[in-house]
Amino acid sequence: MSNGNDSFLELKRWLQGRLSRERRAALRRYLVEPLGFVFRRDLPRLAAIYGTDKWDPHWYAKHYARHFRHLRRKKITLLEIGVGGYEKPRDGGHSLRMWRRYFPNAQIVGLDYFDKSLHAEKRIRIYRGDQSDEKLLRQIVAEVGRPDIIIDDGSHINRHVIKSFEVLFPLLADDGIYAVEDTQTAYWPNLGGSSDDLIHAPTSMCLLKSLADCLNHEEFIKPGYVPSYYDLNITGLHFYHNLVFIQKGRNQEGSNIIHNNTRPG
């Protein structure tokens, strides 16, 4: 599979160096959608076809395929923060179109700081605004319904990532999946990160790493401890290079655990 994707990327780069912007746009219309249909079940190949960086250079698509495969044909809502292309209205939208093809029955919703309304089309809805705007985030969910998948590929500013998660994770559907991309910025001071304090700094990775303890809160030897929302609603965490998945579900307090604060012998 990777060899086929590499060949496609080589052809794409060759064409980009020889065709005008207008001709490339025409080629996408006549070539990308038919190819997308042919490879609609192959997410890494779709990422290469649609030109999203979820393949080259980040290689996230193989992880998304593993975690999203069971949802492919379901009627879901996917919210992605970050449409791409920065301030240029026509640029970006690659991953939204990829998700539209991969999830044939899904409603795809994009949020971006810049005006990306030109990317709205059948089954793709676009909002404009700041991902740390709690009122806007709640409005989006009120209008489109509780997302089954949320992907944060937005500003990558740590306080924005944290705020979006704090607002949106409780609004995620039961058994939903929340993904945070490009967590390398948690170590970059210019985006609010830290490479010195890896435990307590107000960064996305410090927050996400702290959630691992939520999975084991039933083992805390702390009389009177009151489980947090995250304790009760996170059932899995998966860390990859610069990409983290948080699985939402209802933990059943008291099931399959050792009681009375005892430990295995």
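Of the 265 residues of the protein, 46% count as buried, and this share, like every value that follows, belongs to a predicted model. The secondary structure comes to nine helices and seven strands. Among the contacts with a separation of 6 or more, 63% are made by residues that stand 24 or more positions apart.

A good place to begin is the sheet. It is an open sheet of seven strands, which follow the order 3-2-1-4-5-7-6 with mixed pairing. Strand 3 (124-128) and strand 6 (234-240) stand at the edges, and because each has a single partner strand, one side of each is left without a neighbour in the sheet. On average, and with direction ignored, neighbouring strands of this sheet are turned by 15° against each other.

Two of the pairings can be followed residue by residue. Strand 1 (residues 77-81) and strand 2 (residues 107-112) run parallel and are joined by five bridges, and in this pairing Ile-81 stands opposite Leu-111 of strand 2. Strand 4 and strand 5 also pair in the parallel sense, over four bridges, with Asp-152 opposite Val-180 of strand 5.

Strand 5 deserves a slower look. Five of its five residues are buried, so strand 5 is largely enclosed by the rest of the structure. Both of its faces are covered, since Ile-177, Ala-179 and Glu-181 on one side are buried, as are Tyr-178 and Val-180 on the other.

Helices pack on this sheet as well. Helix 5 (residues 94-102) touches strand 1, strand 2, strand 3 and strand 4 (149-152), and its direction makes about 170° with that of strand 2. Helix 7 (residues 158-168) touches strand 1, strand 4, strand 5 (177-181) and strand 7 (243-248), and its direction makes about 175° with that of strand 5. Helix 7 is mostly covered, with eight of its eleven residues buried; among them are His-160, Val-161, Ile-162, Phe-165 and Leu-168.

How does a single residue fit into this packing? Leu-96 is found in helix 5, and with a relative accessible area of 0% it counts as buried, because a residue is called buried when that value is under 20%. Leaving aside its neighbours within four places in sequence, Leu-96 is in contact with Glu-80, Val-83, Ile-108, Val-109, Gly-110, Ile-124 and Ile-126. One of these partners, Val-109, is 13 residues away along the chain, and its C-alpha atom is separated from that of Leu-96 by 7.8 Å.

A residue in a loop can be buried too, as Gln-184 shows with its relative accessible area of 14%. Gln-184 has its place between strand 5 and helix 8 (204-210), and, leaving aside its neighbours within four places in sequence, Gln-184 is in contact with Tyr-60 and Asn-242.

Finally, the reader can turn to an open space in the model. The second largest pocket has a volume of about 790 Å³. Its lining is formed by 31 residues, of which Gly-84, Gly-85, Tyr-86, Asp-153 and Gly-154 lie nearest its centre. Strand 1, helix 5 and strand 2 are the elements that give two or more residues to this lining. Sorted by class, the lining of the second largest pocket has seven nonpolar, 16 polar and eight charged residues.

Technical notes. Residues are numbered from 1 along each chain as its sequence is written. This is a predicted model: local features need pLDDT of at least 70, side-chain atom pairs count only at pLDDT 80 or more; totals for chains, interfaces and linings use all residues. Side-chain values use heavy atoms; hydrogens and water are left out. Two strands pair if DSSP finds at least two bridges between them. Axes are lines fitted to C-alpha atoms, for helices over the stretch in contact, and angles run from 0 to 180 degrees between N-to-C directions. Contact means heavy atoms within 4.5 Å. On a 1 Å grid over the protein atoms alone, a cavity is a set of points where a 1.4 Å probe fits but cannot get out, and a pocket is an open set with protein on both sides within 12 Å along at least five of seven lines; lining residues have an atom within 4 Å of a point. Grid points are joined across faces, edges and corners, and a volume is the space filled by probe spheres set on the points. Ala, Val, Leu, Ile, Met, Phe, Trp, Tyr, Cys and Pro count as nonpolar, Asp, Glu, Lys and Arg as charged, and the others, Gly among them, as polar. Buried means under 20% relative accessible area, exposed over 50%, partly exposed in between (1.4 Å probe, protein chains only).
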